[in-house]
Amino acid sequence: MSAILTFWHKEWLAAWRNYHILILAVIFVIFGIEAPLMAKLMPDLMKLALGDQFSIKLPQSTSSDSWQQFYKNTSQIGIFLLALVFSGTVSQEVSSGTLVNLITKGLPRYAVIIAKYLAAVVQWVVAIGVSFIITWGYTAYYFPDDKSPHVWLAIWPVLLFGLFFVAVVLLGSTVVNSNYAGFLVAALVFASLALLNYVKAVKRWNPIALVTDNLDLVRGTEKITHILPACGVTVAAALVILGVTIWTFNQKRL
Amino acid sequence: MTILDLQRVTKRFGDKQVLKGLDLTVPTGAIFGFVGENGAGKTTTMKLILGLDTLDGGQITVAGQPVRYGRAVANQVVGYLPDVPAYYGYMTSTEYLTLCGRLTGMREPDLSNRITEMLRTVDLPQNKHRIHGFSRGMKQRLGIAQALLNRPQLLICDEPTSALDPNGRSEFLKLLASLRGEMTILFSTHILTDVERISDQVGILHAGVLQVQGNLTALKHRYARSQVQLKFASSAIAQQAVAVMGRPATQTATHVAVPFQDDYAATVAAVLKALLAAHVVPLAVDRQETSLEDIFREVTT
C-alpha cells in the first residue's frame, strides 16, 4: 500500500510538471463553457448563416440542447483526449528505463499499474466532473426550464465508463512499446463496441451505452435501470482488464 | 562469508545461450571486478541478481536470501547503478532521492538527513534544478547517490565508468575505492585498468561461464608470465638479438620479449652478456609484469 501511495504521488507530480493537468483543465473548462453557450447562440448563428431569404421559424433552444452538446463533446472528443494523454503512461517508462531503479529498490510491479490506473481514473473523474459542473451552472442560468430533469443521474455512467476505458488504455500501453499504443487500442475497442451496439440483443449489456444513452437519461425518456447490466459489465471488464495488465507487466522485461 | 552466490546459472535469449552454468561467489567486503567483453552477459547476470529477469536454471542468493524474479526481498540490501541511469527529468535530485528512499522503506527525518549527506558526498547541489538539465557526469553522480541511499550491503554497478570522461572516471573510481570496508561492491567493466586500480577480487566472464575467479594478486601469480622487454634500433638488429640470445624470445618489430620464471636480475645479466658478446646493444631494457590484460587474453583465447 505504501509503495502504491509513493508511486501515486510521483504520478501526480508527473501530471503536474508535464502540464497534463493544465492541458486537461483548459480543454474541459472550454467544453463546459462551450456546450451551453453554443446551445444559446445556435438560433442566432443559424439566422445569420441562412440570411433573410429563408423564413423558417427556428425552435427556441432548451437545456436539453445544452446537454446534448455536452455529451457530444464528452463522448466524441473528451474521452479520446484523455486516452491520448494517458496513452504512453507505461510504454514510455519501459522504453526510457526509468522504472529499473525503482523496481530494484523494492517497488512491486503491480503497484506501478495500480497507481497509474488510480491516478488516471481520478484525472478522468475530475476533468469530466469540472466540465459537467460548469455546464450545469451555465445551463441553469441560460435555460431555466424543466426539459432536463435528471442531469445529475446522467453523468454517473460516463464517470463509470472511465474505469473501463482507462484500463483499456493502460493495457494497450503495457502490451505494445509505443507511446500511441494505448490510444490506438482504446480507439479500436471503442469502435468495436460501437459496432457491437448494432446487435440488439447485447445493447443493454454493452459498456458503450454508458456514453451514448446519457441524453435520454437527462430527459427522463430512459431509466437508469435500463443500462444497469451495461454498468455491471463495465465494472467487471475493467477489473479483468486491470488484472490482465498487471499480469502482462509482470512478464515484461525492463 | 559470501554476500552473493550464483550457482549453475543459465539464461537463454532465443537461440543464444548467454549464460551456460555460471558459478560466481563474491566474498563480503570485496571490491569485485566483473570483467568480460561486450555482449559476454555481464548486464544479463546483473539483471538476474536484481530479480529484473527470469532465471532459466540455477540459483542466486544475496545475503543468504534467494533471489526470485519480481520479488523485492533481496533488493532491500542491494544498491544498483545502471550503466546509463534513467531518471524523471521533471524532478529535482532531492525529489528523486526522496522517491527512492521511500520505496526502500526509509522514513523522515532519517531520509532527509541521508539525502543531504549523499548529495554532499557526490558533490551535487541541493537546489531546485530539475534533472533534465543535468550533464552526464551529474546524472552518474546522482546514480551513485540513489544506489548508496539506503546503505546497501551490496553495491552493483554496471559499466559505471563507460560513459564518463577521464576526470569523471578517476573521480568515480576514487569514490568506489573510498567505500571499501563499508560495503561489498560488484562492478562490471571491460576497462581492465579500472579493475586493476581498485579491485581486490576479479572474475572473467567468457563464453557464458566464469573462466577464472579469485584474488587479483593470486591470479597474477598463477598466470605469471613476467618478461624482460628489450628495444633495439631496428628490426634487423632485434632479429639478430633473438638469434644470439640462446633462449626463448619473441620479436615484435624492434622489440624482443624474453620470458623469465625466477630472478629478473640474473635473467637480464645473462641476456645482456650474450648480446654484448655478439656486439648487439639494446636501446632500452625494461621489466614487464603480468597484467590483468595478459590473464584476460590467456583465459579468453
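**Buried charges and a nonpolar patch in chain A**

Reader: A:E93 is buried, and so is A:K10; what makes a residue buried here?

Author: The word is reserved for residues under 20% relative accessible area, while exposed means over 50% and partly exposed in between, with a 1.4 Å probe and protein chains only. This is a predicted model, in which local features need pLDDT of at least 70 and side-chain atom pairs count only at pLDDT 80 or more, whereas totals for chains, interfaces and linings use all residues. Residues are numbered from 1 along each chain as its sequence is written, chains are lettered from A and ligands numbered from 1 in the order in which they are written, and side-chain values use heavy atoms, without hydrogens and water.

Reader: Why is the contact between A:E93 and A:K10 called a salt bridge?

Author: The term requires a side-chain nitrogen of Lys or Arg within 4 Å of a carboxyl oxygen of Asp or Glu, and the N to O distance between A:E93 and A:K10 is 2.6 Å, so the pair qualifies. A:E93 belongs to helix α4 and A:K10 to helix α1 of chain A, so their contact ties together parts 83 residues apart in sequence; helices here are DSSP runs of H or I with at least four residues, numbered from the N terminus.

Reader: What makes A:K10, A:E11, A:E93 and A:K116 one network?

Author: A:K10 also meets A:E11 in a salt bridge, at 2.8 Å from N to O, and A:E11 is buried like A:K10. A:K116 forms a salt bridge with A:E93, with the closest N and O atoms 2.9 Å apart, and this pair links helix α6 to helix α4 of chain A across 23 residues. Both A:K116 and A:E93 are buried, and shared partners join the four residues into one network. The structure holds 12 salt bridges over all chains.

Reader: How do you know that A:M46 can belong to the nonpolar patch?

Author: A nonpolar patch joins Val, Leu, Ile, Met, Phe, Trp and Tyr side chains within 5 Å, from residues with over 30% relative accessible area and no salt bridge (like charges are joined within 9 Å). A:M46 is partly exposed at 35%, so its value passes the 30% cut-off. The patch also includes A:I33, A:L37 and A:Y138, and its members have about 720 Å² of accessible area together, an area that comes from the Shrake-Rupley method with a 1.4 Å probe, only the protein chains shown counting as cover for residues. Helix α2 (residues 20–50) of chain A gives the largest share, eight residues, and A:M46 lies in that helix.

Technical notes
Helix = DSSP H or I, 4+ residues; strand = E, 2+ residues; numbered from the N terminus.
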